[in-house]
Amino acid sequence: MAGFEPGSLPDLLPLYYRRLFPHGPYGRWLSYGGVVKNYFQRREFSFTLRDDIYVRYQSFSSPQELEKELQKTSPYKIDVGAVYSHRPSQRNTVHMGAFQAQEKELVFDIDMTDYDDVRSCCSSAEICSKCWTLMTIAIRVIDRALVEDFGVKHRLWVYSGRRGVHCWVCDDAVRKWSSAMRAAVVEYLTLVKGGSETVKKVNLTDPIHPFISNSLRLVEPYFEEYALVGQDILGSSESWQKVVALVPEPVRESLLREFPRKHDSVQRWELLKKKMEKCKPSHAAAEIMLQYCFPRLDIHVSRGVNHLLKSPFSVHPKTGRVSVPIDLQKLDQFDPFAVPTISCLCSELDTAHEEEDGEKENEPEPKRRTRDYKKTSLAPYVRVFEQFVEEMDKSRRGELLKKSDLQGDF
């Protein structure tokens, strides 16, 4: 990747953790206002160090102690785990079975590799602007369901740094959900089912569930640009054979006969939809849109309370890109290729300091020092994170005030 060489990571990470990692809001997020005594101290952190040395069950007395450890060890990757019954670093000192994961954010990990059967532009770890639309759709569908169907308020969507997105659901009640509840939510949000041998992975029945109809409403505006234009799913005999296999058998032959007379995927899709309108009851058009565009979740990541997930603001060791929060207000404008790399940030910081040194020589009064990340292209992403933490703080204060009023504490 331009501007980043994986071999430079050991040299750049110490500067990143010392000057750019957003320590303030990061600690406030994982402390949740000290909701329970020793809450932060009982949180598990995992570091991946140089040469793939993997260290689990680390815990720290305070965000400041975590900050010092980051600066000391400069991990290649940081994973955040559950809040346990005891400090993870002391797990070997408690009786067997007493060390239990008690709560954690509900997390989702959406990986582009799970869509390889419905994208032709890239495969495996590769992504491009064409297939990134799938991540945009996934965020829209899952986020709407979390808010409207489950009443969730506090969601942090984060770019993984390479080929996917993560979601952290941080509401107080949700953090206490059992594995069974988490699995039930993922099952509710799952529509595409079956492995590589399964041809038809979406099967709709009447009446259509509101979750599905609401999801279709979000998928449809993206379908033509993504599937028909970007992936050209009806552009050749080989590709349209796969689509025709998803429609009712009585109309397959007529579609295969008439498709060659149409000019492109858009025209062929219109023909398919007209055929389906005459073939009622049939949800084939909706099933095709959902099979090609609907979110694909990893249930194992979301179900386990003790499952680890890469921390926001980690640096991806393969791409050098920082795992940054995504502004949902500007979701369609988010560009994974514009996300700052660690080498870019360090270069921006060097430039900013050179300019400051020049200004100091000409100014008798020293200016108030600006935090280093604000001098770089990381600043807008940290601001998204700060706004997320501020909203949680505001909500928590409101809940505390409400409880106080109910108890008559004036």
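## A briefing on the cavity, pocket and rings of this chain

The residues that line the largest cavity divide into 5 nonpolar, 2 polar and 1 charged. That cavity belongs to a predicted model, in which a chain of 410 residues has 50% of them buried. The chain holds 14 helices and 8 strands. Here is a friendly tour, beginning with the cavity and moving on to helix 2, the largest pocket, the aromatic rings and some backbone details.

**The cavity**

- A search of the whole structure turns up 1 cavity of 30 Å³ or more, and the volume of the largest cavity is about 40 Å³.
- Its lining is made up of F21, H23, Y26, G27, P63, L66, E67 and L70.
- Helix 2 and helix 3 (63-73) each give at least two residues to this lining, with helix 3 providing the largest share, 4 residues.

**Helix 2**

- Helix 2 covers residues 23-31 and is mostly covered itself, with 7 of its 9 residues buried.
- The buried residues of helix 2 are H23, P25, Y26, G27, W29, L30 and S31; among the residues lining the largest cavity are H23, Y26 and G27.
- Just after helix 2 comes Y32, whose phi is positive at about 50 degrees.

**The largest pocket**

- The largest pocket offers about 620 Å³ of space.
- Its lining counts 28 residues, and those nearest the centre are K77, D79, K310, H316 and P317.
- By character, the lining of the largest pocket splits into 9 nonpolar, 7 polar and 12 charged residues.
- Six strands each contribute at least two lining residues to the largest pocket: strand 1 (43-49), strand 2 (53-58), strand 3 (77-84), strand 5 (106-111), strand 7 (164-169) and strand 8 (309-310).

**Aromatic rings**

- The structure contains 24 aromatic pairs. One of them joins Y16 and Y17 edge-to-face, at 5.5 Å centre to centre and 65 degrees between the planes; Y16 and Y17 are both buried.
- Another pair brings W132 and Y159 together: the ring centres lie 5.5 Å apart and the planes stand at 85 degrees, so this pair is edge-to-face.
- W132 sits in the loop between strand 5 and helix 4 (133-149), while Y159 belongs to strand 6 (residues 155-159), so their pairing ties together parts that are 27 residues apart in sequence. Both W132 and Y159 are buried.
- One aromatic cluster is formed by Y16, Y17, F21, Y26, W29, W168, F313, F385 and F388. Of its members, Y26 and W29 are among the buried residues of helix 2, and F21 and Y26 are among the residues that line the largest cavity.

**Backbone details**

- Most residues other than glycine have a negative phi, and most peptide bonds are trans.
- Where does F313 lie? Its place is in the loop between strand 8 and helix 13 (342-362).
- F313 has a positive phi of about 75 degrees although it is not a glycine, and with a relative accessibility of 0% F313 counts as buried.
- Is D52 buried or exposed? D52 counts as exposed because its relative accessibility is 68%, the cut-off for exposed being over 50%.
- D52 is found in the loop between strand 1 and strand 2, and its phi is positive too, near 60 degrees.
- D206 and P207 are joined by a cis peptide bond with omega at about -10 degrees; P207 belongs to the loop between helix 6 (179-188) and helix 7 (210-230).

**A look at S85**

- S85 occupies the loop between strand 3 and strand 4 (101-103).
- With a relative accessible area of 21%, S85 is partly exposed, since buried means under 20%.
- Leaving aside residues up to four places away in sequence, S85 touches R42, A98, F99, Q100 and Q102.
- From S85 to S46 there are 39 residues in sequence and 17 Å in space, C-alpha to C-alpha.

**The chain as a whole**

- The C-alpha trace spans about 80 × 60 × 45 Å along its principal axes.
- The accessible surface of the chain is about 20300 Å², and 49% of that surface belongs to carbon and sulfur atoms.
- Of the contacts between residues at least 6 apart in sequence, 69% link residues at least 24 apart.

Methods:
Residues are numbered from 1 along each chain as its sequence is written. This is a predicted model: local features need pLDDT of at least 70, side-chain atom pairs count only at pLDDT 80 or more; totals for chains, interfaces and linings use all residues. Side-chain values use heavy atoms; hydrogens and water are left out. On a 1 Å grid over the protein atoms alone, a cavity is a set of points where a 1.4 Å probe fits but cannot get out, and a pocket is an open set with protein on both sides within 12 Å along at least five of seven lines; lining residues have an atom within 4 Å of a point. Grid points are joined across faces, edges and corners, and a volume is the space filled by probe spheres set on the points. Ala, Val, Leu, Ile, Met, Phe, Trp, Tyr, Cys and Pro count as nonpolar, Asp, Glu, Lys and Arg as charged, and the others, Gly among them, as polar. Buried means under 20% relative accessible area, exposed over 50%, partly exposed in between (1.4 Å probe, protein chains only). Contact means heavy atoms within 4.5 Å. Accessible areas come from the Shrake-Rupley method with a 1.4 Å probe; for residues, only the protein chains shown count as cover. Rings of Phe, Tyr and Trp (its six-membered ring) pair if their centres lie within 6.5 Å; planes under 30 degrees apart count as stacked, over 60 as edge-to-face and the rest as tilted.
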